[in-house]
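Hello,

Here is the structure I promised to pass on. Please open it and keep it beside you while you read my notes below.

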Amino acid sequence: MHPLVELARKSIEAFVREGIISKPPDPLPQEMSDKAGVFVSLKKHGELRGCIGTYMPCCESIGAEIIENAISAATKDPRFHPVQEDELKDLTYSVDVLTCPE
């Protein structure tokens, strides 16, 4: 699993299971250290289950942006009820890091 996707998965699982907001890895890998907008999407059995993103960065790093948007995709997408622990095994994740708008 790609490290960005793995961070999203671990962040959601920690939050849903324990109410813990994860911290970005330390040291922060190069691919997570810049600032950028990030979209995190969740699917369950191929169907959208949540998606939240930012087109401009709101956090100090891509790693922090992934954590915030992953938790929001799982718990704050207004189209869906919050993800429950028993759903975690059925979720697939995608992370899209955006370039600067033109």
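**What I found**

Start with the loop between H1 and helix H2 (30-33), where proline 27 sits. Keep in mind that this is a predicted model. Aspartate 26 and proline 27 are joined by a cis peptide bond, with omega at about 5 degrees. For background, most peptide bonds are trans, and most residues other than glycine have a negative phi.

Histidine 45 is the next one to look at. Its phi is positive, about 55 degrees, although the residue is not a glycine. You will find histidine 45 in the loop between S1 and strand S2 (47-53). Is histidine 45 buried or exposed? Its relative accessibility is 63%, so it counts as exposed, the cut-off being over 50%.

Now the sheet. It is open and has three strands, ordered S2-S1-S3, with antiparallel pairing. The edges are S2 and S3. Each has a single partner strand, so one side of each is left without a neighbour in the sheet. On average, neighbouring strands are turned by 15 degrees against each other, direction ignored.

How many bridges link S1 and S3? There are seven, in the antiparallel sense. One residue to check is phenylalanine 39, whose bridge partner in S3 is aspartate 96.

Two helices pack on this sheet. H1 touches S1 and S3, and its direction makes about 125 degrees with that of S3. H3 touches S1, S2 and S3. The direction of H3 makes about 40 degrees with that of S1.

Then the interior. The largest nonpolar core has 23 residues. Ile12, Val40, Leu42, Ile66 and Val95 touch the most other members. Four elements give two or more residues to this core: helix H1 (3-18), strand S1 (38-44), helix H3 (62-75) and strand S3 (91-97). Which element gives the largest share? H3 does, with seven residues. In soluble globular proteins, nonpolar side chains tend to be buried together.

Leucine 42 deserves a click of its own. Leaving out residues up to four places away in sequence, leucine 42 touches Ile12, Ala73, Ala74, Val83, Thr92 and Tyr93, among others. Its contacts also include Glu47, Leu48, Arg49 and Gly50.

Best wishes

How values were computed
Residues are numbered from 1 along each chain as its sequence is written. This is a predicted model: local features need pLDDT of at least 70, side-chain atom pairs count only at pLDDT 80 or more; totals for chains, interfaces and linings use all residues. Side-chain values use heavy atoms; hydrogens and water are left out. A nonpolar core is a set of buried Ala, Val, Leu, Ile, Met, Phe, Trp, Tyr and Cys residues joined through side-chain atoms within 4.5 Å. Buried means under 20% relative accessible area, exposed over 50%, partly exposed in between (1.4 Å probe, protein chains only). Contact means heavy atoms within 4.5 Å. Two strands pair if DSSP finds at least two bridges between them. Axes are lines fitted to C-alpha atoms, for helices over the stretch in contact, and angles run from 0 to 180 degrees between N-to-C directions.
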